[in-house]
Amino acid sequence: MRRRKARRSVALADVDLRVGQGEFVGLLGQNGAGKSTLIKLMTGLLLPETGTVRVKGLDPYADRERNARTMGVTFGQRTQLWWDLPARVSFDILRDIHGLAEPAYRSTLAELDGVLSLSPFWDTPVRFLSLGQRVRCDLAAALLHRPQVIFLDEPTVGLDVLVKDQVRALLARLATTGDHAIILTTHDMGEVEALCERIVVIDRGRVVHDGSREGLAAVSGDQHTFVVEFETPPPSLRLLTAEVVSADGPTVRVRPLPGSDRTEVTAELLAAHPVRSLLYEGTRVEDMLRTLYGRSREEAPKVTGRAG
């Protein structure tokens, strides 16, 4: 009879993360990098084997009830609403759980309704809501008690463009108040670029970047590109100031060579072939992460599991 072997792996290691009030932090990483584990530690769902976690001075695991009153959380497509009840009844239950005064509760609910358009369906049982409707209700439920700390784990996964815009508008509004510390985990780079001033990147359980978007570009290497659409497909395009990244008929994407500036690249592109349009793209977060992951894998020491 063969015995199963257990393998020990480290989910997070050497993570030193401090988030202040008023900060909107994008927590990024590939699947399995440790993002959700870190969120679960900060929300008190997991107890760390070693190290210390504090949220507003509280131990999230030991002081789960008090910690829950200071934070709002969304976990992707996992709902915190009562499945067989109308969403508005779930809001009333959460009002009583958090001990909210009726005037403040009504004011907050009206404010959330104004941004997320909840009232047309909040009398519908949750089980009959569409995904987009339920996500909006879940986000409202997480914000009803005006939490000081907000954890958003893939809050717009699976949503259509219009609903995403509504959710982003609310998050942008929260960010401008300076009253919240917001941590967002997402694979939607558009959300990161639109909302997050600070970006933390985790790879294999370790923080490989913590800083601004501009700082991420400096670490990973500036990869900005030009997208040029020529009148007709160029027979061949060889440039002195840039390299061709991709070509699809008349549309060509080029990246400046080291030492070349935008003016030089633009001038050479316009002189190379008749141009219909020319678009400058700043460095995309997605491209910066791809470069950063590659460097992290090359530089990091190998970590092996312990069988037992």
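These are my notebook entries on the sheets, the cores and the cysteines of this structure.

**Entry 1: the model.** I am working from a predicted model.

**Entry 2: the six-stranded sheet.** I traced the strand order first. Six strands make an open sheet, running E3-E4-E5-E2-E6-E7, with mixed pairing. Which strands stand at the edges? I found E3 (71–75) and E7 (206–212) there. Each has a single partner strand, so one side of each is left without a neighbour in the sheet. I also looked up the twist. On average, neighbouring strands are turned by 15° against each other, direction ignored.

I then went to the E7 edge. Strand E6 (residues 198–203) pairs with E7 through six bridges, in the antiparallel sense. I picked out one pair: Ile202 has Val207 in E7 as its bridge partner.

**Entry 3: helix H5 on the sheet.** Next I checked what H5 touches. The helix packs on the sheet and contacts E3 and strand E4 (149–153). The direction of H5 makes about 160° with that of E3.

**Entry 4: nonpolar cores.** I listed the largest nonpolar core and got 44 residues. Phe91, Leu118, Cys137 and Leu170 have the most contacts inside it. Which helix gives the most to this core? It is H5 (residues 131–143), with six residues. Another core lies apart from this one. That second core has 17 residues, among them Ile39, Leu41, Met71 and Val200. I noted the background too: in soluble globular proteins, nonpolar side chains tend to be buried together.

**Entry 5: cysteines.** I followed Cys137 further. Leaving out residues up to four places away in sequence, Cys137 touches Leu81, Ala87, Phe91, Leu118, Phe121 and Leu129. Is Cys137 buried or exposed? Its relative accessible area is 0%, so I logged Cys137 as buried. Cys196 has 7%, and I logged Cys196 as buried because the cut-off is under 20%. I then looked for disulfides, asking for cysteine sulfur atoms within 2.5 Å. The count is zero.

**Entry 6: strand E10 and its partners.** I turned to E10 (residues 251–256). Its covered face holds Val252, Val254 and Pro256. The uncovered face holds Thr251, Arg253 and Arg255. E10 runs antiparallel to strand E8 (residues 225–230), joined by four bridges. Here Val228 stands opposite Val252, a residue of the covered face.

Strand E9 (residues 242–248) is also antiparallel to E10, with six bridges. On that side Asp248 stands opposite Thr251, which belongs to the uncovered face. How many residues lie between E9 and E10 in their hairpin? I counted two. Gly249 sits in the turn, with a positive phi of about 65°.

Technical notes:
Residues numbered from 1 in each chain as written. Predicted model: local features only at pLDDT ≥ 70, side-chain atom pairs only at ≥ 80, totals over all residues. Heavy atoms only, no water. Buried < 20%, exposed > 50% of the residue type's maximum accessible area, 1.4 Å probe, protein only. Pairing = 2+ DSSP bridges. Core = buried A, V, L, I, M, F, W, Y, C linked by side-chain atoms within 4.5 Å. Contact = heavy atoms within 4.5 Å. Axes fitted to C-alpha atoms, helices over the stretch in contact; angles between N-to-C directions.
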